[in-house]
Every structure is written in C-alpha cells, then in structure tokens.
Amino acid sequence: MKALPKRAFIVALAGSLAGQPVFAESQPDDADHSETTVVMLGTGTPVLKHDRAGQAILVVVDKEMYLFDAGPGSVRHFDALSGKDFMPEDIYFSNDSVYGEMNKVFITHLDSDHVLGLPELMLRPWIMGRSEPLKVIGPQGLEDMTVNILEAYRDDIDHRLHGTQPANELGFTVEVTEIGDTQVVHQDDKVTVTAFKVPHGSWSDGMAFGYRVETPGKTVVISGDTRHDEALYEHFEGADILIHEVMSETGVSQLPQDWQDYMYHAHTSTRQLAEIGRKIAPELLVMTHPLLFGQTDEQLRDEMAGYYDGNFVLASDLDIYE
Ligand SMILES: [Zn+2]
C-alpha cells in the first residue's frame, strides 16, 4: 500500500471538476521536485462524437511525454497544450518542441478507435521537427500496421525527403516493440511503464493491454478496453489516478440479449467499476471511453454516483489532472 502518504492536490483543470480540488496521495522524496500531469487528449469510443476524439491519454513527467493510444483526432489536441507550464517548449522545427518530443506511444490494442491517429502521429510531428524514430510499443500486429502506414504514405514521404522542403531522414521512421505478455515496457530514471494483459471481447490472450505508469509523484493506471476481471486488481492496486473505461449499465440493459452478452464480455459497467473503485480506492477515478447506449453523460454520472461515493469524474477531451 501507499507508504508515508503526503497530501497533494489533484486538480482537474478543465471539464466537470473545474476548480474543485480533490486530494491525492503522493510519494515523498523526489515527489516534491517532480511534476506528473495527465491530459485526456481523446476520450471517445467507436461512436462518432464531434467533441470526443479517439482514445489518447498523455502523461507528462517533468516535460517528458508518455502517450497511450493514438485515436482519431487526438494528435491535433496537442496544439491546445502549447504554452502550458508542464509541456516542452513550444518551438516549431526543433526536436525540443512539443511536436518533436512526441517520440513514444504505448498502444493498448489494435481496435481502430485507439489507432486511427497513428499515421498522423507518425508523420505530422516529423514535419514539425521530430528527428528521431517514433517508438511504438504494443501488441502483435503493430509492426505490420506501421510498415503498411509508411507504404500508404510513400509518395508524401518521398517528396518531403527528396523535394525542396528541408526534412530530416529519421523522424518519420518507427521503432516497434511488440509484446504478448504482462511486462515492464519502459524504464527511465523517473518513470516505469508496465503493460498488463486485459480481457477484451474476442481479442485473444496477449492482444489487449492496460498500462501502469509509476512516476516519482504518482501512480497512474490506464485500464485500456477491458471487461471486469478481479485478476486485474493487482495491477490497479495503489493507483492515485485510475483511468478506466466504462459503459452505462442502464443503457446496456436495454440492448438485445446477444449484444448485452457481447458488451459484458468486452467492457465494464458503472456498477462493476464502482466495485473496482471501492476495492482499489484511488484518489481519483476517471471514467473514459463512455459507452452510453442512448444515455446522456449526465445520466452516466448520476448512475455512477448511485453506485460509488469516492471521487470520480467522467473525462472530457483536454481534461487535465495533476
Ligand atoms: Zn475502444
């Protein structure tokens, strides 16, 4: 459990919790000198919503960026972060810029609502300054996907490399690490990222992941898309911020039985998420990827409040937790 907890603020800077501080526990020592910020770059699902980009969660630790998923429309949301204190300097055409530093992404699984923004993440920051390969970490199939994306955009890459536009030769390339099991996938002097297997619909074992991000100040856990499974609790344990997918229990109960069966095989309802919240007791439980089935955001929040009395929010795009 959390040793020697120190009180610190998690403040949602935008969205439903605006201005309302909630307490979080953080670790001592480096925590005082280290800053961890979570930005919900995209909170959507396969259902089209103009105000929800596809799944993408950015964790920034002392200006180093760790991106989780690259859903459609999420990359352009980086622009809204220009000038924020916790972000790298906003200088175009530089490897030190916000764009240049978009250099690694951890993918939960290959459903398109989580990866349709991958071509943009591979190519646009290169044009804006990234001069090193993009590291892409996630399930098997990513190697093929990225090779085929580069093939699809071959003419664009070719004219930028060999035309009159100044361009570097590495920024569009990728370094793919495919994983098939629970493991540490990244470690640097401050941050450890562990991928853990999650059960999601008919994806086979080892093809869908959540991520646990441990920083000097916080533990942030991202569920990815998953059904409720108590075996996951060991990976959620100790989370200061637990970011979890959710579906409306009221909404799903109105679907035909075969669809209900499918949804519970793939996703987690409010009632189940409340159970997780009570067990794990995160300082902040963030609901994302809301599957509503006709319910409104407000109804989903009310439904959750009926099951859970801990701190929770329904994430909106560009919500910031720190
Ligand atoms: Zn999804």
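Two strands count as paired when DSSP finds at least two bridges between them. Keep that in mind as we walk through this predicted model, since pairing is what builds its sheets.

Let's begin with a sheet of seven strands, in the order β8-β7-β6-β5-β4-β3-β16. This sheet is open, and its pairing is mixed. At its edges sit β8 (174-179) and β16 (320-321), each of which pairs on one side only.

Zoom in on the β8 edge. Here β7, covering residues 134-139, runs parallel to β8, and six bridges link the two. If you want one bridge to look for, try Lys 135, whose partner in β8 is Glu 175. Lying across β7 and β8 is helix α3 (residues 142-152), which runs at about 155 degrees to β8.

Another helix to look at in this part of the model is α2, made of residues 118-128. Which of its residues are buried? They are Leu 118, Leu 121, Met 122, Leu 123, Pro 125 and Trp 126. And what do these buried residues pack against? Their partners are the strands β6 (104-106), β7 and β8, along with the helices α1 (112-115) and α3. After α2 comes Gly 129, which has a positive phi, near 145 degrees.

Staying with phi for a moment, find Asp 62 in the loop between β4 (56-61) and β5 (64-68). Its phi is near 50 degrees, a positive value in a residue that isn't glycine. Is Asp 62 buried or partly exposed? A residue needs 20 or more other C-beta atoms within 10 Å to be buried. Asp 62 has 17, so it is partly exposed.

Now for another open sheet, also built from seven strands: β9-β10-β11-β12-β13-β14-β15, again with mixed pairing. The edge strands this time are β9 (183-187) and β15, and each of them pairs on one side only. On average, neighbouring strands in this sheet are turned by 20 degrees against each other, ignoring direction.

Take a look at the β15 edge. Strand β14 (residues 284-291) runs parallel to β15, and three bridges join them. One to pick out is the bridge between Leu 285 and its partner in β15, Phe 312. A helix lies across this pair of strands too: α9 (residues 297-307) crosses β14 and β15, running at about 160 degrees to β15.

Strand β15 spans residues 312-314, and Leu 314 is part of it. Why does Leu 314 count as partly exposed? It has 19 other C-beta atoms within 10 Å, and the cut-off for buried is 20 or more. The chain also brings a distant residue into the picture: Ile 243 is 71 residues away along the sequence, yet its C-alpha atom and that of Leu 314 are separated by 9.8 Å.

Follow the chain on from β15 and you reach the loop between β15 and β16, where Leu 318 is found. Like Asp 62, Leu 318 is a residue other than glycine with a positive phi, here near 70 degrees. With 18 C-beta neighbours inside 10 Å, Leu 318 is partly exposed. Beyond this loop lies β16, an edge strand of the sheet we began with.

Finally, how confident is the prediction? The chain has a mean pLDDT of 90, and 90% of its residues reach 70 or more. Residues 1-28 are a stretch to treat separately: their pLDDT is below 50. In the model, this stretch has 58 contacts beyond near neighbours in sequence.

Methods. Residues numbered from 1 in each chain as written. Predicted model: local features only at pLDDT ≥ 70, side-chain atom pairs only at ≥ 80, totals over all residues. Helix = DSSP H or I, 4+ residues; strand = E, 2+ residues; numbered from the N terminus. Buried ≥ 20, exposed ≤ 12 C-beta atoms within 10 Å, placed from the backbone. Contact = placed C-beta atoms within 7 Å. Axes fitted to C-alpha atoms, helices over the stretch in contact; angles between N-to-C directions. pLDDT = per-residue confidence, 0-100.
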